There are 2 protein chains.
Amino acid sequence: MVQRSEYERAQSEALKYLERAGIVLIPEEARRIEVADFGLGELRSTGMEVVTYVNTERVCAKELVLFPRQTCPEHYHPPLGSRPGKEETFRCRWGEAYLYVPGDPTPNPKGIPPRGREHAYTIWHEIVLKPGEQYTLAPGTLHWFQSGDQGAIVSEFSTTSYDDSDVWTDKEIKRLPTVEE
Amino acid sequence: MVQRSEYERAQSEALKYLERAGIVLIPEEARRIEVADFGLGELRSTGMEVVTYVNTERVCAKELVLFPRQTCPEHYHPPLGSRPGKEETFRCRWGEAYLYVPGDPTPNPKGIPPRGREHAYTIWHEIVLKPGEQYTLAPGTLHWFQSGDQGAIVSEFSTTSYDDSDVWTDKEIKRLPTVEE
């Protein structure tokens, strides 16, 4: 649950990050920046700001804004009917992001799980993404990511997003945002 | 056919456009910027510079750089086997672009077909794309586009690119570039 005032503050802050990175939104896009707190009410640690450019039956493209050390928690995208799970490419545009996928745990990883949620972060193979660097996740791959101390902007190029079917390691998470008026 | 020296000059110029727009490439991407003259040998009028970020079996994302008044000529993406044609979203990031699709011809359109190639430009319904503006083409839609006097950078979010199957109105066009050493 995000308070309306906090939601709007996060939108306007995300817009400043985008502007600083030279990414232009039209006013209607700026008004519908999605502020996702994943139902935990700890937006600044577990959360993400999302601009969805397009999401058709085949293709999706988004800009993800992460405030400093903000985390998109561990999850995967399951198959839906005859469709394989969502395929995603994350491309860092600004700042720095740490992406975690299955594999050998990286010693001394840069990411820090949100306090009190450590149990819901189980994979530690680290991919560091600096501007211009990207990584493609095969469908069904468990993953989570966090920005560095300056925050990050990450472009996501993917197949269709069906956010409400995502599977989260942390069972308290609800992906679709609710706003308290 | 593009001369090697012209190819490299266009790459380095395209990189400057991207830098000016705040779009960061890693060095390996900068080296493989594709300079497409569509086989006509008139790169500055009929041509395009392309950075392909990802092109999997499902998703493709590119940055298209257009020098001032450079034109991507009229074409469509046909179905391939059981797959519908390529679906494309064009999002203007910098500069200004004019996209033409089937429909009522726009009076006094801003686009100017490359000289001597006017016969190969048959559709004149105009969509002006300024930074932050975008347009999604349904599979199989005939289209062409040109940048304004300052050039343009356009992001393309699409299904898989199979460039060699594209159908061009101008039968002299060859999409895949050849470079003369």
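This note sets out points on the fold, surface and salt bridges of a predicted model.

1. Secondary structure. Chain A contains two helices and 11 strands. In sequence order, the elements run β-α-α-β-β-β-β-β-β-β-β-β-β. Both helices therefore follow the strand that opens this pattern, and the other strands come after them.

2. Overall dimensions. Along the principal axes, the C-alpha atoms of chain A occupy a box of roughly 40 × 40 × 35 Å. The radius of gyration of chain A is 15 Å, which agrees with the value near 16 Å that a compact globule of 181 residues would have.

3. Burial and contacts. Of the 181 residues in chain A, 54% are buried. When contacts between residues at least 6 apart in sequence are considered, 75% of those in chain A join residues at least 24 apart.

4. Surface and charge. The exposed area of chain A is about 7800 Å², and carbon and sulfur atoms account for 52% of it. Chain A carries 21 positive and 29 negative side chains. The centres of these two sets lie 3 Å apart.

5. A salt bridge between buried residues. Over all chains, the structure holds 24 salt bridges. One of them joins Lys86(A) and Glu88(A), with 2.7 Å between the closest N and O atoms. Glu88(A) counts as buried because its relative accessibility is 2%, under the 20% limit. Lys86(A), at 8%, counts as buried by that limit as well.

6. A salt bridge between two loops of chain A. Arg117(A) and Glu172(A) form a salt bridge in which the closest N and O atoms are 3.4 Å apart. This pair links distant parts of the chain, with the two positions 55 residues apart in sequence numbering. Glu172(A) belongs to the loop between β10 (167-168) and β11 (179-180), whereas Arg117(A) belongs to the loop between β6 (88-101) and β7 (125-129). Arg117(A) is buried at 11% relative accessible area, while Glu172(A) is partly exposed at 49%.

7. A salt bridge in chain B. Arg69(B) and Asp149(B) meet in a salt bridge with an N to O distance of 2.9 Å. The two residues are 80 apart and connect distant parts of the chain: Arg69(B) is in the loop between β4 (60-66) and β5 (71-76), and Asp149(B) is in strand β9 (residues 143-158). Arg69(B) is partly exposed, with a relative accessible area of 23%. Asp149(B) counts as exposed, since its 55% relative accessibility is over 50%.

8. A shared network. Returning to chain A, salt bridges with shared partners join Glu42(A), Arg117(A), Asp170(A) and Glu172(A) into one network.

Conventions:
Residues numbered from 1 in each chain as written. Chains lettered and ligands numbered in written order. Predicted model: local features only at pLDDT ≥ 70, side-chain atom pairs only at ≥ 80, totals over all residues. Heavy atoms only, no water. Helix = DSSP H or I, 4+ residues; strand = E, 2+ residues; numbered from the N terminus. Rg over C-alpha atoms; globule rule 2.2 N^0.38 Å. Buried < 20%, exposed > 50% of the residue type's maximum accessible area, 1.4 Å probe, protein only. Contact = heavy atoms within 4.5 Å. Areas by Shrake-Rupley, 256 points an atom, 1.4 Å probe, with all protein chains shown as cover. Lys, Arg positive; Asp, Glu negative; His and termini not counted. Charge placed at Lys NZ, Arg CZ, Asp CG, Glu CD. Salt bridge = Lys/Arg side-chain N within 4 Å of Asp/Glu carboxyl O.
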